[in-house]
Amino acid sequence: GVAVEQGYYVNGPDDIHAPTLSDSGDDLLVADRKLGELWVFNILTGKNNASAIWAAQRIPPNHIAVAANSFSIGKMNLSDAENFKYSPGVTQLAEEKGWWRREDEASPELFDFFRAYGYDPKATNPEVVYSARLEGKTPEDWAAYRAMNLAYYSGRRIWRIYNLLSPLEGSKLDPQRKNMPTSNYFPTSVPAPRGTVTRRMVMEVHRDYYQGTPFDLTKGVAAGPYGNPNRGAFDPAVEGWFERAISTERTNWAFLNEARPHNRSIMWFAYDAPHGSIFLPFYAAATAGAPESYHSHEGHMSKFSKRVAWWAYNFINQYTEINFQLINADVRRKAKEFEDEAERRIVSWEAEADQLIATVHGGRGELEAMDLLTARSNQFAEEVLAKWWEFSEELISKYGRHVVTHNETITGVIGDAQKLPAWWLRSPEVGFSTWSPSGPYHGVFLNAQPLPEWWLRSPNLGFSTWLPSGSYFLQQAQNQLGIGYGTVPAVPTMLAMALMTVAAYQLGLRHRGQDHADDKAFHALA
């Protein structure tokens, strides 16, 4: 097709004139309602950074498939034209590079697309050598670090989505399974009984950050006192990893395409991070564009404007960062109200459209009906946008000043509704439980004390201690695998070391005001 003739590259860090094989690839899903087909489509740049290599696989009926930043087509039967499509010479580059050997397959018709073309960081790869030099690491160490992160960057989300949408099949999958070309990667699709996956379930998948699982991003010190799942940029000098959520703070939009009969397919569109936004219905066959606020250039990401719809949804998501636990709960309730209302409106709109078709015969009736549906959905989007701005002002007045304000009565302000939790206050780094008149005034920064490496790396943070099987947050005190920055001591050892640290600190304060010869307790400890 066009990509093979004209070339293919990803609009990212790559140079358009020399796209790299490691970056220029995509995993996409393509559905056709009329044919009743769903295909997964994988593509990457071709030999000598030109042309393209692609493959497509039909998803069986009553299956679900996931595209999560990695190729998802594995074993292909090149002789099965009904279920597999591919570019000319699809195996050629893999064979030339030694990424795949025909003799390794059980049959000459088989080809493992992911094993051949999926990215696997090697110490000899130019991009690995370059990054290792920047980070002051050996290529071998950097390749191993990247391989571990990549194995779970996509794999954990695939596992989660299969569990949410097909619990029976998802329960058979191991969350520690690596999704890498050289490993036992996740299946392209899994069965899901017909009618069991709803649009609201898919919306909730878009909003997910592993709630209720061992990987829950609202847990641990990195989530702060109020359970914030968002993780921003981090200092590259510290090796580590946070789980990659499905919904992230850097999401600019999300959508759900719902194939429906009678030319009434709907795109449910949400601006900004979906965990704090609303999915609104827009008809795929609309006869006009979305409201002006959805394509206005009066504002952009570097210029705030109330005339730009994106800013309303981004603003609330940003404000939620003050106390995610409390504010996001309100936001989710409000979003559900609007999405419930959208479903009711669709029934009403389409009954109105059907009535119009019944009275205006022929093609003109269909066109006028779609004009009506377009107008109704756009009006609803504008109505919700206005109410979302109003809601943002309600949130500001309700959650400002670290309290919750309901009204102006004597009981209208709940002063401790946003109180800092005990586990947070007890942390010596916070500075609350360690405060004394003579100091410390700002907490005891554990990573600045002459303590063991496991302590210096603040394992309770969950970043430098991250491993595929734990610790995900402070719930796990032992590194079961014994890899990473040394094995974390068992719980009794940790408690003993913590007590010794506190004792040493308090005795140090005491010794500061005493005569050296008289301070027997200090010398005994020393």
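1. Two strands count as paired if DSSP finds at least two bridges between them. In this predicted model, strand β10 (residues 266-271) is joined to β11 by four bridges, and the two run antiparallel. One of the pairings places Trp-268 opposite its bridge partner Pro-281 in β11.

2. These strands belong to an open sheet of three strands, ordered β9-β10-β11, with antiparallel pairing. The edges are β9 (253-258) and β11 (280-283); each has a single partner strand, so one side of each lacks a neighbour in the sheet. On average, neighbouring strands here are turned by 30° against each other, direction ignored.

3. Helices lie against this sheet. Helix α8 packs on the sheet and touches β9 and β10, its direction making about 160° with that of β9. Helix α10 (residues 324-359) lies across β10 and β11 and runs at about 30° to β11.

4. Helix α8 (residues 199-206) also packs with helix α6 (residues 155-165), at an angle of about 155° and with the axes 10 Å apart. That angle makes α6 roughly antiparallel to α8, given that angles over 145 degrees are counted this way. The crossing of the two helices is right-handed. On the α6 side the contact involves Ile-161, Leu-164 and Leu-165, which meet Met-201, Val-202 and Val-205 in α8. By class, the residues of this contact are six nonpolar, no polar and no charged.

5. A second helix pair is formed by α9 (residues 309-320) and α11 (residues 363-399), whose axes come within 10 Å and cross at roughly 25°. The two are therefore roughly parallel to each other, and α9 passes α11 in a left-handed crossing. From α9 the contact includes Trp-311, Tyr-313, Phe-315 and Tyr-319, and from α11 the residues include Trp-388, Trp-389, Phe-391 and Tyr-399. The contact of α9 with α11 has 15 nonpolar residues, one polar and no charged.

6. Elsewhere in the chain there is an open sheet of four strands in the order β1-β2-β3-β6, again with antiparallel pairing. Here β1 (25-32) and β6 (84-86) are the edge strands; each has a single partner strand, so one side of each is left without a neighbour in the sheet. Neighbouring strands of this sheet are turned by 15° against each other on average, direction ignored.

7. Within the four-stranded sheet, β1 pairs with strand β2 (residues 37-45) in the antiparallel sense, over eight bridges. Two positions illustrate the register: Gly-25 has Leu-44 in β2 as its bridge partner, and Leu-29 stands opposite Val-40 in β2. The hairpin of β1 and β2 has four residues between the strands, and in this hairpin Gly-36 takes a positive phi near 65°.

8. How many salt bridges does the count come to? The total is 35 salt bridges. One case worth locating in the structure is that of Glu-96 and Lys-47, whose side chains meet in a salt bridge at 3.1 Å, N to O. This pair links distant parts of the chain: Glu-96 is in helix α2 (residues 92-97), whereas Lys-47 is in the loop between β2 and β3 (52-58), 49 residues apart.

Notes: Residues are numbered from 1 along each chain as its sequence is written. This is a predicted model: local features need pLDDT of at least 70, side-chain atom pairs count only at pLDDT 80 or more; totals for chains, interfaces and linings use all residues. Side-chain values use heavy atoms; hydrogens and water are left out. Axes are lines fitted to C-alpha atoms, for helices over the stretch in contact, and angles run from 0 to 180 degrees between N-to-C directions. Angles under 35 degrees count as roughly parallel, over 145 as roughly antiparallel, 65 to 115 as roughly perpendicular and the rest as oblique. A crossing is left-handed if the near helix is turned anticlockwise from the far one by less than a right angle, and right-handed if clockwise. Contact means heavy atoms within 4.5 Å. Ala, Val, Leu, Ile, Met, Phe, Trp, Tyr, Cys and Pro count as nonpolar, Asp, Glu, Lys and Arg as charged, and the others, Gly among them, as polar. A salt bridge is a side-chain nitrogen of Lys or Arg within 4 Å of a carboxyl oxygen of Asp or Glu.
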